[in-house]
Every structure is written in structure tokens, then in C-alpha cells.
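Colleague: Could you walk me through a few features here, one at a time? I would like the general idea, then the case at hand.

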Amino acid sequence: MAAIVKVKGVPFDFNGRVLVIPPLTLGAYEQLQQRLAEFPSDVRDQASIETTIDSVHAALRRNYPDMTREEVGGLVDFSNMQDVMACTMDVAGLKRKALEAELGDKPGE
């Protein structure tokens with residue numbers, strides 16, 4: 001049975017598991033703001049990896065409240081982390097709106 005998506009976002013295919021990633025809430029952004037401001041382009045250090053997992057977890061919990069940080073750590077890898085972070089930081093909804101215009105406003109998983 002598919003989960004009911006409460007918050008619009010960007011559908012993202014995690015190797016066959018499509019989840020809708022909504023943008024961060026202001027509260028989550030407030031908690032992560034300093035870490036996100038210092039987010040480097042080279043995301044291979046431990047602090048960047050932790051920031052990525054924490055940010056994506058905070059966003060995904062909006063639609064999947066039972067999702068654990070550990071699960072998110074298993075979904076995000078070096079091949080998708082830049083794209084996943086772009087979805088998470090889609091605060092203006094530009095990426096989502098472009099997808100909706102292209103595909104129509106279809107609810108995600």
C-alpha cells in the first residue's frame with residue numbers, strides 16, 4: 001500500500017523506491033541553517049555527510065513520519081546526494097512546479 005503524501009515535493013527514485021521529497025520546513029531549516037550555510041561543494045567529509053542525512057531526513061519525515069535517520073542513510077549515496085539535496089532545498093518549489101507542468105499534477109507515492 002502506498003503512503004499518502006501530505007506535502008507536495010519532488011518525486012525521487014531511490015533505486016526503484018520513489019519517495020516524494022518536500023522542502024525543509026522553516027523550523028528544520030532554522031536548526032540546520034549554520035550547517036547548510038557551510039555546506040561545501042566537496043561533500044565527502046563527515047560533517048557534510050551528516051548534514052546531508054539530517055536535512056534529507058527532516059524533509060522526508062514530513063511525508064513519511066516513521067522513516068528513520070538510518071533508513072535515509074541507506075537511501076542516499078554519493079551518486080545521488082547532490083540531486084537529493086537539490087530536492088530538499090527546493091524552497092521555492094521551482095523544481096516541483098517544473099515537474100508538475102511537465103507531467104501534470106499527479107500525486108506521488
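Modeller: Gladly! Let us begin with a term: two strands are said to pair if DSSP finds at least two bridges between them. Keep in mind that this is a predicted model.

Colleague: Thanks. In what sense do strand 1 and strand 2 pair, and over how many bridges?

Modeller: Strand 1 pairs with strand 2 (residues 17-21) in the antiparallel sense, over 5 bridges. The two form a hairpin with 2 residues between them. Across the pairing, F12 of strand 1 stands opposite L19 in strand 2.

Colleague: And how do I read the faces of a strand?

Modeller: In a regular strand the side chains alternate between the two faces of the sheet. Here, V10, F12 and F14 make up the covered face of strand 1 (residues 10-14), while P11 and D13 lie on the uncovered one. F12 and F14 are both buried.

Colleague: How should I describe two aromatic rings?

Modeller: The distance of the centres and the angle of the planes describe a pair of aromatic rings. A search of the whole structure gives 1 aromatic pair. F12 and F14 form that pair, which is tilted, at 4.8 Å centre to centre and 55 degrees between the planes.

Colleague: Back to the turn, then. What is the sign of phi at N15?

Modeller: Most residues other than glycine have a negative phi. N15, however, has a positive phi, near 50 degrees. This residue lies in the loop between strand 1 and strand 2.

Colleague: Is N15 buried or exposed?

Modeller: N15 is exposed, since its relative accessible area is 73% and the cut-off for exposed is over 50%.

How values were computed
Residues numbered from 1 in each chain as written. Predicted model: local features only at pLDDT ≥ 70, side-chain atom pairs only at ≥ 80, totals over all residues. Heavy atoms only, no water. Phe/Tyr/Trp six-rings, centres within 6.5 Å; stacked < 30°, edge-to-face > 60°. Buried < 20%, exposed > 50% of the residue type's maximum accessible area, 1.4 Å probe, protein only. Helix = DSSP H or I, 4+ residues; strand = E, 2+ residues; numbered from the N terminus.
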